[in-house]
Amino acid sequence: MSEAEILPGQTEDGSLPSVFTEEFSLNLGPQHPSTHGVLRLLVRLSGEIVVDCKPYLGYLHRGVEKILENRTYMQGIRYVDQFDYVSGMLNEHSYVGAVERLMQLEVPRRAEYLRVVVDELSRICSHLVAIGTALLDLGAWTPITYCFRDREEILDLFEELCGSRLNFNYHRVGGVLFDLPEGWVAKCLSFLARFERSLDELEEFVNGNELFIARLVGVGVITPEMGIAYGISGPSIRGSGVNFDIRTYRPYSVYTELGFEPQLATAGDCFARYLVRMAEMRESVRMVRRALEGLPEGPVRARMPHYLLPPKGETYFSIESSKGELGVYLISDGTANPYRVKVRPPSFVNLQILPELVKGQKVADIVAILGSIDVVMGEVDR
Amino acid sequence: MRPLISVARRPTPDSRLVAAAEIVRGHLGPRLLSISYQAGDILCLEVDRSDLLATATFLRDAPELRFDFLSCVSGVDMVSHMLVVYHLHSLSNRLTAQLKVKADAREPVVDSVSAIWPTANWHEREAFDMLGIQFNGHPNLERLLLVEGFVGYPLRRNYQLPRRRWPHGRMVEEGGPVDERS
Amino acid sequence: MTEFVQQVLSDPTVQRVLWLIVTLLWSLLFLLTSVLILIWGERKVLGFVQDRYGPHHTGKWGLLQSPVDALKMMTKEDVVPLLADRVVFWLAPIAFFAPVLAAFVVLPFSDVLVGADLNIGLIYPLALGSIGVVAIIAAGWCSNSKYSLLGAFRSAAQMISYEIPMVLSLVPVLLLSNSLSLQSIIRQQEGIWFILVLPFAFLTFFICGLAETNRAPFDFPETESELVAGFMTEYSGMRWAMFYLGEYGNMIVVSALAATLFLGGWQGPLLPGIVWFIGKVYVFLFIFLWVRATLPRVRVDQLMDFAWKWLIPATLLNIAVVATLALVFPSGYLIPIGIANWLLSGGFVWSLTRYMQGRVEKSKRLAAAWAPMGTAEVPGKIVVAAGEGVLARRS
């Protein structure tokens with residue numbers, strides 16, 4: 001063997017084949033139109049086929065868990081908003097729910113109903129963003145504007161309710177902050193009627209379109225065993241037929257009273273996850289309607305001391321966020337600040353399956369799969 | 001005026017959870033350091049570090065338990081020792097369990113469960129990143145959220161955030177540990 | 001003095017040169033004006049489809065947007081990447097734009113207003129389209145960036161694949177018109193426009209035209225969401241504007257060809273020919289924009305699949321059918337050809353839909369192997385069992 005450099009594809013006797021190929025690395029992100037935030041993917045490609053994909057996280061890491069240890073419980077609520085910033089209400093619910101579980105506190109029934117209303121509206125917001133951006137990544141310029149148009153109406157409702165469009169700071173330990181303003185219920189119900197027609201329009205646009213089917217069906221299939229082994233939750237695993245929804249698995253708030261039903265699909269591919277999100281939006285509309293129609297009278301917040309001092313102890317509380325199981329593991333040492341807040345973000349756990357799913361697929365499928373797993377980097381990095 | 005807080009009594013654990021507790025107690029025997037029910041619906045176990053892998057495999061594979069869904073792996077710095085807490089779901093039996101393992105405060109080393117539940121991979125990387133807990137047998141234990149080359153473990157209780165005027169007028173320029181427990 | 005000028009002007013060579021300059025001027029005028037209108041029009045059309053206004057601050061109805069954009073392009077700093085091949089970097093945009101402009105010489109704006117009525121008029125613009133591929137590969141290579149290279153290769157593969165069905169789809173037109181010269185093709189359409197007789201040829205030609213001009217749904221080489229801007233990534237300012245001009249120019253050439261070959265060119269009652277021609281070109285340009293607003297992108301292997309396995313056999317079949325019918329009915333072949341073509345169009349669309357449904361059936365079969373898992377006591381509503389109702393439209 002000569003000491004000359006061996007070129008790729010060179011055989012032992014030194015001759016080169018007429019055509020040889022080389023793998024190369026491509027960097028997707030962190031600044032990239034379709035990585036849903038600041039995510040860096042180092043992709044090794046052999047032509048168009050992905051050989052390996054390595055995600056690099058942490059570009060949006062703000063150290064929120066450490067911050068929360070240095071704030072009181074009420075001060076901490078506004079930080080929790082910023083995890084999954086497209087659906088703020090759900091994050092808040094998980095945090096205050098954990099504190100209430102630790103204190104074994106009973107929340108007034110009106111507050112529980114209001115929580116369901118805002119949580120489900122937030123879930124609709126989040127799914128609209130997920131679907132809109134996923135379709136934008138596939139090259140459809142129009143559905144995202146329709147989705148955001150509907151989201152604007154929900155954000156207007158929220159602005160009327162709590163004064164803010166993105167960081168709501170609405171949930172409190174023991175209830176919610178404000179009661180509904182005059183005429184809010186009527187506005188919300190009329191929005192829901194319009195929204196159902198918008199959903200029909202979106203379905204008609206996407207479901208029958210052969211191009212979407214060609215891009216999404218059979219792509220990024222998550223089998224139930226793989227999903228459970230990787231801890232996938234939310235629409236990503238319900239799209240594979242696994243009936244795992246925290247609202248029925250470990251019911252919290254008043255979902256059982258309102259007759260909630262999880263939505264499932266069985267194909268496990270990107271299209272199935274899209275269908276699950278559409279169905280979940282319809283179910284959320286139903287939940288909001290039922291909650292508003294059956295809204296009980298009463299206070300919206302349990303009266304409690306200004307400085308909240310939960311007893312010493314620990315608790316784990318999880319809710320069904322729009323992306324999956326959002327869990328909070330809370331340890332309190334009896335002081336006004338929590339001792340440790342560990343957040344289990346669904347996007348963080350769901351993102352872990354991405355390298356497995358894209359191996360052997362084409363480059364174009366990376367964005368399709370990432371869009372269907374629905375990742376928000378605020379939650380992944382905290 | 002009487003406050004409106006109504007504090008419910010600690011609810012009693014339901015029968016399936018009690019049955020599961022019996023199975024665990026029967027299998028582990030003296031290796032089970034403590035067992036309790038958190039708010040009546042989570043089965044809390046504590047074992048020693050050396051029994052972690054065996055317990056985890058048993059919890060995943062025992063047919064009456066089948067805790068196949070690892071939800072969360074948390075690291076906690078309890079100054080005198082480190083804690084690693086695992087939260088598990090059993091989807092087919094509708095049970096939730098919490099498994100605690102104690103580790104050394106200065107150089108915490110725990111076995112990695114990523115061979116048992118693949119999802120533990122990134123959870124353990126994050127625990128290493130934030131608290132410096134070493135996981136034996138982890139495929140690639142590198143920093144996940146913080147930048148490569150970051151020195152220190154921020155979520156430890158002795159880690160000071162940089163450039164703050166801390167009590168007693170001490171101005172800290174760089175973040176870092178304030179005692180020898182690095 | 002006047003005698004000298006007259007003598008010079010009567011020289012045929014001088015006349016030809018003068019006519020060339022006139023053609024060049026009106027082509028440039030038409031091209032640049034159309035591009036300005038298209039820039040504004042694209043943003044407005046896309047905006048209205050997406051339930052928003054599009055530009056409306058810059059001038060009334062945003063009409064000043066195009067001149068402002070052009071001004072911005074011209075005043076931008078000329079950035080050349082450090083490791084780029086400077087000569088090729090300079091040449092590539094020119095090589096992309098030049099064939100587009102050269103194709104204008106055969107376009108018949110009216111019955112007299114045509115640069116040169118070449119007797120190979122139909123082949124000429126199609127041949128020029130192939131030069132564009134070289135320019136794209138050159139642009140991608142010399143930018144010395146992985147994104148550009150990937151985009152260039154994809155674009156080249158796409159354009160080469162779609163040139164074949166494009167040419168093949170025009171052969172039936174040739175069979176009907178017996179001439180390659182564009183003016184004579186238009187004259188042949190005095191009785192009936194070819195789009196009514198050969199709708200399938202039009203359909204395939206338009207689809208290939210979308211692919212040749214890198215427009216959605218075939219805009220893979222410049223997918224914003226994956227490769228930033230493909231082969232144009234490293235170009236900015238006036239160089240990028242040349243690529244942009246070339247792309248819109250390509251669109252105009254394809255639209256003009258479609259108008260000429262299928263819609264009767266400058267023919268039409270009452271208004272002068274040039275008005276009809278420009279109107280028909282703009283109809284097709286509007287369809288280009290409309291398709292972009294509506295359809296998502298095809299994946300690159302599906303794109304190639306579609307060209308080689310669907311379009312080429314379909315266009316070959318079309319040629320065979322048209323030729324056979326022309327032989328069988330030597331005198332009244334228009335009606336049978338028309339019927340056959342309409343049937344072919346319907347059949348093509350139907351079989352494509354069936355193929356897509358087949359994918360859904362396949363995924364349904366794969367999914368049937370799994371049983372729903374999870375908490376057995378809580379019933380979950382199965383929304384869609386992998387494919388039912390996927391292609392059903394809401395009533």
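Which residue of E2(A) does Asn27(A) stand opposite? Asn27(A) stands opposite Leu42(A), in a model that is predicted, with local features requiring pLDDT of at least 70, side-chain atom pairs counting only at pLDDT 80 or more, and totals for chains, interfaces and linings using all residues. Residues are numbered from 1 along each chain as its sequence is written, chains are lettered from A and ligands numbered from 1 in the order in which they are written, and side-chain values use heavy atoms, with hydrogens and water left out.

Helices (H or I, at least four residues) and strands (E, at least two) are DSSP runs numbered from the N terminus, and two strands pair if DSSP finds at least two bridges between them. The antiparallel pairings of chain A include these:

| Strands | Bridges |
|---|---|
| E1(A) (residues 24-28) and E2(A) | 5 bridges |
| E2(A) and E3(A) (residues 49-56) | 7 bridges |
| E7(A) and E8(A) (residues 325-332) | 8 bridges |

Along E2(A), residues 40-46, the side chains alternate: Leu41(A), Val43(A) and Leu45(A) point to one face and are buried (under 20% relative accessible area with a 1.4 Å probe, protein chains only), while Arg40(A), Leu42(A), Arg44(A) and Ser46(A) point to the other face and are not buried. Leu41(A) has Pro55(A) of E3(A) as its bridge partner, and in the hairpin of E2(A) and E3(A), which has 2 residues between the strands, Gly47(A) takes a positive phi near 75°.

Further along chain A, 3 strands form an open antiparallel sheet in the order E7-E8-E9. Its edge strands, E7 (313-320) and E9 (338-344), each pair on one side only. Tyr316(A) has Tyr329(A) in E8(A) as its bridge partner.

Helix H6(A), residues 184-206, has 23 residues that should span 33 Å at 1.5 Å a residue (taken times one less than the number of residues), and its end C-alpha atoms are 32 Å apart, which agrees. Among its buried residues are Trp184(A), Phe191(A), Phe195(A) and Glu203(A). The buried residues of H6(A) pack against helices H4 (109-137), H5 (143-162), H7 (210-216) and H11 (270-293) of chain A.

A cavity is a set of points, on a 1 Å grid over the protein atoms alone, where a 1.4 Å probe fits but cannot get out, and lining residues have an atom within 4 Å of a point. The count comes to 9 cavities of 30 Å³ or more, and the largest holds about 240 Å³ of space. Its lining has 18 residues, of which Pro125(C), Leu128(C), Gly129(C), Glu212(C) and Asn250(C) lie nearest its centre. The largest share of that lining, 5 residues, comes from H5(C).

Note on methods:
Buried < 20%, exposed > 50% of the residue type's maximum accessible area, 1.4 Å probe, protein only. Contact = heavy atoms within 4.5 Å. 1 Å grid on protein atoms, 1.4 Å probe; cavity = no way out; pocket = protein on both sides within 12 Å on 5 of 7 lines; lining within 4 Å. Points joined across faces, edges and corners; volume = space filled by probe spheres on them.
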